[in-house]
Amino acid sequence: MIIKCNNDYQNQLIHFLNEQNIIFKQCENYFIIDNIDDLTINILKANRQLICFDETKNYPLVQSVNKHDFPLLIFAGPCSIECDENYHEAVKKLVQIDGLTGIRAGAFKPRTSPYSFQGLQTQAMNIIINAKKVTNLPFICEVTSIESLNQCLNYADILQIGTRNMQNFALLEACGKTNKPIILKRGMGATIDEFLSAAEYILKAGNQKVILCERGIRTFENSTRFTLDISAIPIIKQITNLPIIVDPSHASGKRELVESLSLAAIAAGADGLLIECHQNPDFAYSDGRQAIDFNTLKNIINKSRKIAEIIHEDFKN
Ligand code: PEP
Ligand code: MN
C-alpha cells in the first residue's frame, strides 16, 4: 500500500507506524508499506490527512476534495416531471429561492410497483429543454440503466444513481466514464463500506465528481419510510473527502419530518440536502406524501445556512 501524507502530519504517521512495528519506506510525501493488516489499513484510511493508494490498482481510495470551498449543496424539485405545465410552474418557483444548487428532473422513475407512474422517460427530455430556458441552474436526472443514461446525457447536467441501483456496477462504470457530476445514493440495505466501494467504481472509471447521498436505510422501524442514518455522515467524513448530502424526503416519507431531518443532517456535518417539493404536494404524481411546499423549502435553506455557519468555521455563505 502507498500512503500520501502531507508534511504537517508526517511525524505523527512515522510515530504511529513505529508503534505498530510496521516496516515502511519513505519517498518524499509517500510511504510504501508491504505487510499491513486490514485493521491498520482501515485506521489509516479513516484519517482525513492521508490519501491511501492501493498499490495494485493505482487509483485514489480517498479523494482530496476540499468540501467547504463551496456553500451548502441544495438540490430540490418534484419527485418526477409530470407534464410541461406542472414542471414549468415548479421551476419558475424554484429559481426564486436563494441558495439552490440544482433542480430535480426525474424522468426515469424506479417504482416498486410496475403499475405506479414510471416517469415520462424520453418524453420528459423536451420538458427539460423548455425548463432550461428559465434558468442556468443544473438539472439532475436519475439514470436507471445504460439506455436511460444515453438518453439523458444531452439533457442532464448532473446524473443521479438511486438507492436501487447503487450496486449496478455496469451503470456505475458507465457513469464514471462521463464527465458529469454524479449524485450516488446509498443502497437502502448497503453498509457504509459497500456505499463507498460503489463510489469507488465511479472514481476508478475516471469521474472524480461524486456526491454521496445518505437517503435512509431499511430497519425494523416502520413509523418512517426508511431510517435516516445520521451517524453515516460523520463516519463518511472521516473516511473520505467526497461531499455527502442527505435526502430527508425519501428517508422519512413524511413531509412534516423533512425540516427536522434536514437540520439534523446539516448539524451532523452534511454538505447539503436533496429535497422533494411540489406546488401542490397532495396531487403530486409520485411521492406527494413526502413533498414539501416552496415556502417550507425556503425556511429549511435559511435555517440550514445558520447551522452550517456555526459548525463549519470556513463556511462561505
Ligand atoms: C429519487 O430521488 O427520486 C429516488 C427514487 O430516490 P431513492 O433512490 O433514494 O429512492
Ligand atoms: Mn421520490
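This report covers three parallel-paired strands, two buried residues and one pocket of a predicted model.

## Strands 7, 8 and 9

Strand 8 covers residues 158-161. I158 and Q160 point one way from this strand, while L159 and I161 point the other way. All four of these residues are buried.

On one side of the pairing, strand 8 is joined to strand 7 (residues 139-142) in the parallel sense, over three bridges. Within this pair, I140 stands opposite I158. The connection from strand 7 to strand 8 passes through helix 5 (residues 146-152), and the resulting β-α-β crossover is right-handed.

Strand 8 also runs parallel to strand 9 (residues 182-185), with three bridges between them. Here L159 has I182 as its bridge partner in strand 9. Between strand 8 and strand 9 the chain goes through helix 6 (residues 169-176), in a β-α-β crossover that is right-handed.

## I3 in strand 1

I3 belongs to strand 1, which spans residues 2-5. The relative accessible area of I3 is 0%, so the residue counts as buried, the cut-off being under 20%.

Leaving aside neighbours within four places in sequence, I3 is in contact with L13, N29, Y30, F31, I33, L44, L50, I51 and C52. One of these residues, F31, is 28 residues from I3 along the chain, and the two C-alpha atoms are separated by 5.1 Å.

## S252 in helix 9

S252 is located in helix 9, made up of residues 248-252. With a relative accessible area of 1%, S252 falls under the 20% cut-off and is therefore buried.

Outside the four places on either side in sequence, the contacts of S252 are T224, R225, L257, V258 and L261. R225, one of these contacts, is also among the residues closest to the centre of the pocket described next.

## The second largest pocket

Empty space can be located by rolling a probe the size of a water molecule over the atoms. In this model, the second largest pocket holds about 260 Å³ of space. Its lining consists of 18 residues, and those closest to the centre are P110, R164, R225, H250 and D287.

What is the make-up of the lining of the second largest pocket in nonpolar, polar and charged residues? Nine residues of the lining are charged, seven are polar and two are nonpolar. Of the residues closest to the centre, R164, R225 and D287 belong to the charged class, H250 to the polar class and P110 to the nonpolar class.

How values were computed:
Residues numbered from 1 in each chain as written. Chains lettered and ligands numbered in written order. Predicted model: local features only at pLDDT ≥ 70, side-chain atom pairs only at ≥ 80, totals over all residues. Heavy atoms only, no water. Buried < 20%, exposed > 50% of the residue type's maximum accessible area, 1.4 Å probe, protein only. Helix = DSSP H or I, 4+ residues; strand = E, 2+ residues; numbered from the N terminus. Pairing = 2+ DSSP bridges. Right-handed = clockwise from strand over helix to strand, strands pointing away. Contact = heavy atoms within 4.5 Å. 1 Å grid on protein atoms, 1.4 Å probe; cavity = no way out; pocket = protein on both sides within 12 Å on 5 of 7 lines; lining within 4 Å. Points joined across faces, edges and corners; volume = space filled by probe spheres on them.
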